[in-house]
Amino acid sequence: MSTTGKFQVESWDEERDGQLNEHNLKKKLHDQGYSFLRYTFPSGTDFPNHTHSYEKKDSILTGQFRFAMFGQEVVLKPGDMVVVPANVVHSASVVGQDDVVFFDASKE
């Protein structure tokens with residue numbers, strides 16, 4: 001897990017987590033105590049600054065997702081996960097032409 005300030009990106013570890021696929025990503029989120037919804041976002045999808053009233057974890061299965069929070073920006077790649085604290089302003093957008101398959105996970 002790499003940390004820049006409060007921005008934490010957890011990368012997929014094939015040795016620990018197995019091959020990156022939908023089944024294993026769901027299992028990892030479930031084992032961490034999350035419930036989740038699966039979304040597919042096409043190229044051009046943009047989520048301007050917004051917040052959520054609860055902490056969540058965003059997880060990428062395919063594609064690339066530009067994610068900004070705490071005045072920092074990162075491009076999330078397949079297997080990357082980021083914790084988004086409650087009430088923290090963040091934004092995101094699909095990078096490139098490939099769809100992003102995304103799991104929106106929370107413990108609420």
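## Salt bridges, cores and a sheet: worked exercises

Lys28 has a relative accessibility of 9% and therefore counts as buried, where buried means under 20% relative accessible area, exposed over 50% and partly exposed in between, with a 1.4 Å probe and protein chains only. The model is a predicted one, in which local features need pLDDT of at least 70 and side-chain atom pairs count only at pLDDT 80 or more, while totals for chains, interfaces and linings use all residues. Residues are numbered from 1 along each chain as its sequence is written, and side-chain values use heavy atoms, with hydrogens and water left out.

**Exercise 1.** Determine which parts of the chain the salt bridge of Lys28 with Asp17 ties together.

*Solution.* Step one is the criterion: a salt bridge is a side-chain nitrogen of Lys or Arg within 4 Å of a carboxyl oxygen of Asp or Glu. Lys28 meets it with Asp17, the closest N and O atoms lying 2.9 Å apart. Step two places the partners: because Lys28 belongs to helix α2 (residues 22-31) and Asp17 to helix α1 (residues 14-17), the pair ties together parts that are 11 residues apart in sequence; helices here are DSSP runs of H or I with at least four residues, strands are runs of E with at least two, and both are numbered from the N terminus. Step three turns to the surroundings: Asp17 is buried at 16% relative accessibility, and Asp17 also forms a salt bridge with Arg16, with closest N and O atoms 3.0 Å apart. Arg16 is exposed, its relative accessible area being 52%. Finally, Glu10, Asp13, Arg16, Asp17, Lys28 and Lys57 are linked in a network of salt bridges, and the count by this rule comes to 12 salt bridges.

**Exercise 2.** Describe how Asp31 and Lys27 are placed within helix α2.

*Solution.* The two residues lie four apart in helix α2, about one turn of the helix, and their side chains meet in a salt bridge at 2.7 Å, N to O. As for accessibility, Asp31 is exposed at 53%, whereas Lys27, at 44%, is partly exposed.

**Exercise 3.** Which strand supplies the largest share of the largest nonpolar core?

*Solution.* A nonpolar core is a set of buried Ala, Val, Leu, Ile, Met, Phe, Trp, Tyr and Cys residues joined through side-chain atoms within 4.5 Å. The largest one has 15 residues, of which Phe65, Phe67, Met69, Leu76, Val82 and Val100 touch the most other members. At least two residues come from each of β2 (7-10), β6 (64-69), β8 (81-84), β9 (90-95) and β10 (100-106), and β6 has the largest share, three residues. Apart from this core lies another of nine residues, including Trp12, Leu25, Tyr34 and Val101.

**Exercise 4.** What is the strand order of the open sheet of four strands?

*Solution.* Two strands pair if DSSP finds at least two bridges between them. The order is β4-β9-β6-β7, with antiparallel pairing, and β4 (46-50) and β7 (72-76) are the edge strands, each pairing on one side only. Three bridges join β4 to β9, and His50 stands opposite His90 in β9.
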